[in-house]
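Trainee: I'm new to this structure. Could you take me through one part of it, the aromatic rings and what sits around them?

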Amino acid sequence: SLRLAYALALSDLILAPATPSNTARVGGVIMPITTSLAKAFGSEPQDGPRKIGSFLMQSIYQVNTITSAMFQTSMAGNTLVAALALQSFGIGITWGDWAMAAIVPGIIALIIMPYFIYKVYPPEIKDAREAQQMIKEELKGLGKMSFQEWVMLGVFVLALVLWATSQFTKIDATAVAF
C-alpha cells in the first residue's frame, strides 16, 4: 500500500508541471485512479474505508499540496505570485527559476509524506501485490500505444521542455500553454 501511495505521488509529480489546476489534476486524474484502487480492495467510504482507501486519499491530498508548490505552472496561483513579484519588486521568476528553487525541498517532502502518513494513519491492508497483477493485466488489455497517444505524449514532453527552458529560449510560458 505504501508503494501505491508513492506511485500516485509520482503520477501527480509528472502531471504537475503541465496541469495549471491542482484541482483538475487531482480531481480529474489522480482521484478517479485512487478511488478505483480503493474499490478494488473493497475499501469504500461507507464500508471499510480504513482498509486502504482513506490512507491513499489522505496521501494524495498531502502530496498534491507539495506538487502544487513545486512548479510555476502546477497551480494557477503560482503564476499570480510570479507576476506580483515582477510588478511589485521587479523580480522576474521564470519557470526554470521556480523549479530550481522548489525541486530539492519538494522531492524531500514527496519522499517523506507518504511514509509519514503510512505511520500516522496506517492502512489495514499493507500488502497490495494483487493490484500490481491487476494493473499488468489491464495494461496488456490496452495494447500498444496508438499514433494519437504518441502525438499527445510528444506534445506533453515538448511543452515541458519549452516551459523548463523558457529562461534560455525567451519563449513565454503562456505562449507555450497556448
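Mentor: Happy to, and keep in mind that this is a predicted model. Let's start with Tyr118, which counts as buried because its relative accessible area is 16% and the cut-off for buried is under 20%. Phe55 is buried too, with a relative accessible area of 0%.

Now for how the rings pair up. A pair of aromatic rings is described by the distance of the centres and the angle of the planes. The count here comes to two aromatic pairs. In one of them, Phe55 and Tyr118 meet edge-to-face, with 5.7 Å from centre to centre and 70° between the planes. This pair ties together distant parts of the chain: Phe55 belongs to helix α3 (residues 53–70), Tyr118 belongs to helix α5 (residues 95–120), and 63 residues separate them.

Then look at Phe71 and Trp95. Their ring centres are 5.6 Å apart and their planes are at 20°, so this pair is stacked. It links distant parts of the chain as well, with Phe71 in the loop between α3 and α4 (76–89) and Trp95 in helix α5, 24 residues apart. Both Phe71 and Trp95 are buried.

Charged side chains come into the picture too. Back at Tyr118, you'll find Lys126 over the face of the ring, at 4.9 Å from the ring centre. So Tyr118 has an edge-to-face partner in Phe55 and a lysine, Lys126, over its face, while being buried at 16% relative accessible area. Tyr121 has a charge over its face as well: Arg50 lies there, at 3.8 Å from the ring centre.

Technical notes
Residues numbered from 1 in each chain as written. Predicted model: local features only at pLDDT ≥ 70, side-chain atom pairs only at ≥ 80, totals over all residues. Heavy atoms only, no water. Phe/Tyr/Trp six-rings, centres within 6.5 Å; stacked < 30°, edge-to-face > 60°. Helix = DSSP H or I, 4+ residues; strand = E, 2+ residues; numbered from the N terminus. Buried < 20%, exposed > 50% of the residue type's maximum accessible area, 1.4 Å probe, protein only. Lys NZ or Arg CZ within 6 Å of the ring centre and 35° of its normal.
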